[in-house]
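Dear colleague,

Please find below the structure that I am handing over to you, together with its sequence. My account of what was found in it follows.

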Amino acid sequence: MRLVPFHPAALAFGMFAVMPLCANAGIFCRIVGVTDGDTLTALCLGDERVKVRLAEIDAPEKKQPFGARAKESLSDMCFGKDAEIVPQAKDRYGRTVARVICAGVDANVVQVRRGMAWVYDRYVTDRSLYQVQDEARGARAGLWAEPDPVRPWEWRKALRSRRR
């Protein structure tokens, strides 16, 4: 019998390949970067860097009102901490779309609760996020303090139109 050498990166790749098939199965990583209010970088098994997009939410873009605050909120919650990443899909940019639990806290839910992100209507599957968003809106938390906040997907669409 011939043994194949074990390589941790191969395990990490294999785990991410089958994760969406396992209900509520996650992989444990360390958060080493925060790009914006809904995207971070995780260092996982075998020192693999994984770009993660928080599932079901959409935070303001960097140049949009509350964009910097949304990034700061996610960074305060997750940067440098251990996290459980529960993959749901890959997006068109190759990012892992996932629920992210940082130090026991569901970052996806907290970003909405703090008013640092919208429920992303197009991709939401956890309908309970709408209740969290309604509570944040009622409390005028974060972006809900603005008189007429613009959804990030609408802001991006308007930006594309202006470029044409």
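**Helix 5**

Helix 5, which runs over residues 152-163, has 12 residues and reaches 17 Å from its first C-alpha to its last, close to the 16 Å expected at 1.5 Å a residue. Please bear in mind throughout that this is a predicted model.

Which residues of helix 5 are buried? They are Pro152, Trp153, Trp155 and Arg156. Seen down the axis of helix 5, the buried residues fall within an arc of 160°, and they therefore line one face of the helix. The face turned away from this buried side carries the exposed residues Lys157 and Arg162. As for the cover over the buried residues of helix 5, it includes strand 4 (57-58) and strand 8 (118-119).

**The largest pocket**

Helix 5 also has a part in the largest pocket, to whose lining it gives the most, with five residues. The volume of this pocket is about 770 Å³. Its lining is made up of 26 residues, of which Arg53, Arg95, Tyr120, Tyr123 and Arg156 are the closest to the centre. Arg156 thus appears in two places in this account: among the buried residues of helix 5, and among the lining residues closest to the centre of the largest pocket.

Which elements give two or more residues to the lining? These are strand 3 (48-54), strand 4, strand 5 (82-90) and helix 5. Strand 4 is therefore worth viewing together with helix 5, because it is included in what covers the buried residues of that helix and also contributes to the pocket lining.

**The disulfides**

How many disulfides does a search of the whole structure find? It finds two.

One disulfide joins Cys29 to Cys44, with a distance of 2.0 Å from S to S. The torsion about this S-S bond is about 100°, so the disulfide of Cys29 and Cys44 is right-handed. The pair links distant parts of the chain, 15 residues apart: Cys29 lies in strand 1 (residues 27-36) and Cys44 in strand 2 (residues 39-44). Both Cys29 and Cys44 are buried.

Another disulfide joins Cys78 to Cys102, with 2.1 Å from S to S. The link of Cys78 and Cys102 is right-handed, with 100° about the S-S bond. This pair, too, links distant parts of the chain, with Cys78 in helix 2 (residues 67-78) and Cys102 in strand 6 (residues 96-102), 24 residues apart. Are these cysteines buried or exposed? Cys78 has a relative accessible area of 0% and is therefore buried. Cys102 counts as buried because its relative accessibility is 1%.

With bonded cysteines counted along the chain, the disulfides follow the pattern 1-2, 3-4.

**The chain as a whole**

The secondary structure of the protein chain comes to five helices and eight strands. Read along the sequence, these elements follow the pattern α-β-β-β-β-α-β-β-β-α-β-α-α. The protein chain has 164 residues, and buried residues make up 43% of them. Among contacts with a separation of 6 or more, 61% are accounted for by residues 24 or more positions apart.

With kind regards

How values were computed
Residues are numbered from 1 along each chain as its sequence is written. This is a predicted model: local features need pLDDT of at least 70, side-chain atom pairs count only at pLDDT 80 or more; totals for chains, interfaces and linings use all residues. Side-chain values use heavy atoms; hydrogens and water are left out. Helices (H or I, at least four residues) and strands (E, at least two) are DSSP runs, numbered from the N terminus. The expected span of a helix is 1.5 Å times one less than its number of residues. Buried means under 20% relative accessible area, exposed over 50%, partly exposed in between (1.4 Å probe, protein chains only). The arc is that of the directions from the helix axis to the C-beta atoms. Contact means heavy atoms within 4.5 Å. A disulfide is a pair of cysteine sulfur atoms within 2.5 Å. On a 1 Å grid over the protein atoms alone, a cavity is a set of points where a 1.4 Å probe fits but cannot get out, and a pocket is an open set with protein on both sides within 12 Å along at least five of seven lines; lining residues have an atom within 4 Å of a point. Grid points are joined across faces, edges and corners, and a volume is the space filled by probe spheres set on the points.
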